[in-house]
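Here is my note for you on this model. Keep the structure open beside the text and find each element as it comes up.

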Amino acid sequence: MIIYAAYFSQRGRELLKQIEKLPLTISYGCLVSRYGGRPVQSPVTLRLREGESLDVWLQEAFAAHMPILLVGAAGIAVRAIAPFMKKKTVDSAVLVLDETGKFVIPVLSGHLGGANELAEQIAEGIHGIPVITTATDVNHLFAVDVFARKNGLRVENPEKIRCVSGKVLRGEIITITFDEDCMENKWLKKPELPDEVEFVPWNVFLEQREKTGERKTVDVLISRNTALFPFAEMVLVPKNLVLGIGCRKGKSCEELLHQIRALEEEKRFQLCDIAAIASIDVKAEEPGLLELAQRLRVPFYVFSPEELLRVEGTFSSSEFVADTVGVDNVCERAAVAAADGGRLLLKKYAENGITLAIGEKYKYNIMI
């Protein structure tokens with residue numbers, strides 16, 4: 001994990017050395033594949049502010065959507081980040097740490113950006129105190145935006161987060177439903193929900209609506225069907241695409257992003273629908289791929305050659321790739337494997353030492 005970090009004293013620098021050794025993670029969902037595979041957890045790498053101005057350094061961090069850790073006064077941090085804040089769906093997670101390591105304070109993007117999650121991990125690792133102020137957290141209640149992040153769900157209308165959370169905080173029960181197509185295709189597994197959340201099957205919701213004659217809406221709808229969005233206060237859209245990637249060693253995140261955006265423009269898919277990236281296990285420590293997953297805020301899964309060879313389907317074949325890594329195709333097989341046997345939506349796209357393919361998921365796994 002890359003964290004942009006700045007300090008203003010030698011004591012602060014020594015504290016950052018401790019943090020760099022911690023196994024920090026932010027959960028952006030998980031995949032369940034019949035072919036196996038494993039998620040990759042990258043080590044912490046601090047991108048320290050060196051000679052550049054604080055403004056220039058922060059602008060770079062926010063543009064990359066990377067977490068930011070400032071060792072110093074909270075007031076300095078708030079004033080410094082103010083010009084770069086846009087909206088909660090894209091803002092960097094920002095944390096402030098006093099130079100004694102006593103308090104770890106998430107000040108921006110606590111839920112969707114994972115700042116609260118990082119604060120708890122850092123505090124535990126350095127024996128500090130996480131100072132978390134979001135109402136649902138301090139009251140130990142269900143947070144719909146954390147639920148979305150941890151399940152690979154895109155928040156269609158983030159302005160409604162406060163409405164749903166407000167209902168929870170008032171002691172009311174919120175209703176969540178999955179649309180009928182999701183249930184028929186077994187896209188979603190019914191989760192174990194906390195007391196303040198009620199799962200209402202889609203058909204039951206429609207029956208209740210028809211019986212009462214009211215234009216009743218469900219609090220949270222999980223669906224990709226835009227025709228159903230008006231039936232809900234808040235909509236969570238399952239990310240349904242997996243990006244399979246093969247590349248030469250040393251390809252940077254910027255090079256990978258350039259090719260992905262070219263493919264996005266040509267094939268007209270949306271990056272916001274990418275649920276994960278996947279590759280072969282020899283690429284598990286490839287810096288460009290690790291950074292790419294973090295930039296896209298998705299998990300990175302890798303598969304062994306044996307696992308990829310078990311993937312069913314017709315794929316492009318390369319003897320050179322087979323001789324090099326033990327399987328004739330990486331990007332297409334990885335995309336389908338990570339999509340748990342879903343269809344190959346886009347076949348291999350090769351350019352500049354990078355191969356890309358897209359698999360489409362049929363099934364979603366929901367957890368709390």
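**Notes on the sheet, the cores and one helix**

1. The model is predicted. Begin with the open sheet of six strands. Its order is 2-15-14-13-17-16, and the pairing is mixed. Strand 2 (38-39) and strand 16 (343-351) are the edge strands, and each pairs on one side only. As background, strands of a sheet pair through backbone hydrogen bonds, either parallel or antiparallel.

2. Look next at one pair within this sheet. Strand 13 (residues 241-247) and strand 17 (residues 354-360) run in the antiparallel sense, with seven bridges between them. To check the register, find valine 242: glycine 359 in strand 17 stands opposite.

3. Now find helix 11 (residues 287-296). This helix lies across strand 13, strand 14 (274-280) and strand 15 (300-303). Its direction is at about 170° to that of strand 14.

4. Which elements each supply at least two residues of the largest nonpolar core? The core has 28 residues. Strands 13, 14, 15, 16 and 17 each supply at least two, and so do helix 10 (253-267) and helix 11. Ile245, Ile260, Phe269, Ile277, Leu292 and Phe300 touch the most other members. In general, nonpolar side chains in soluble globular proteins tend to be buried together.

5. Take phenylalanine 300 from that list. Its contacts include Arg38, Pro39 and Val40. Others among them are Ile277, Leu289, Leu290 and Ala293.

6. A second core is separate from the largest one. It has 25 residues, including Ala5, Ile26, Ala115 and Ile122.

7. Turn to the aromatic rings. The structure holds six aromatic pairs. In one of them, tyrosine 4 and tryptophan 57 have ring centres 5.8 Å apart and planes at 55°, so the pair is tilted. Tyrosine 4 is in strand 1 (residues 2-7) and tryptophan 57 is in helix 2 (residues 54-63), so the pair ties together parts 53 residues apart in sequence. Tyrosine 4 is buried because its relative accessible area, 2%, is under 20%. Tryptophan 57 is buried too, at 1%. Elsewhere, Trp202, Phe205 and Phe231 form one aromatic cluster.

8. Where do the buried residues of helix 2 sit around the axis? They are Leu54, Trp57, Leu58, Ala61 and Phe62. Their arc is only 130°, so they are on the same side of helix 2. The general reason is that an α-helix has 3.6 residues a turn, so residues three or four places apart point the same way. The cover over these residues includes strand 1, helix 3 (74-81) and strand 6 (103-108).

9. Finish at histidine 65, which follows helix 2. Its phi is positive, near 60°.

Note on methods:
Residues numbered from 1 in each chain as written. Predicted model: local features only at pLDDT ≥ 70, side-chain atom pairs only at ≥ 80, totals over all residues. Heavy atoms only, no water. Pairing = 2+ DSSP bridges. Helix = DSSP H or I, 4+ residues; strand = E, 2+ residues; numbered from the N terminus. Contact = heavy atoms within 4.5 Å. Axes fitted to C-alpha atoms, helices over the stretch in contact; angles between N-to-C directions. Phe/Tyr/Trp six-rings, centres within 6.5 Å; stacked < 30°, edge-to-face > 60°. Buried < 20%, exposed > 50% of the residue type's maximum accessible area, 1.4 Å probe, protein only. Core = buried A, V, L, I, M, F, W, Y, C linked by side-chain atoms within 4.5 Å. Arc of directions from axis to C-beta.
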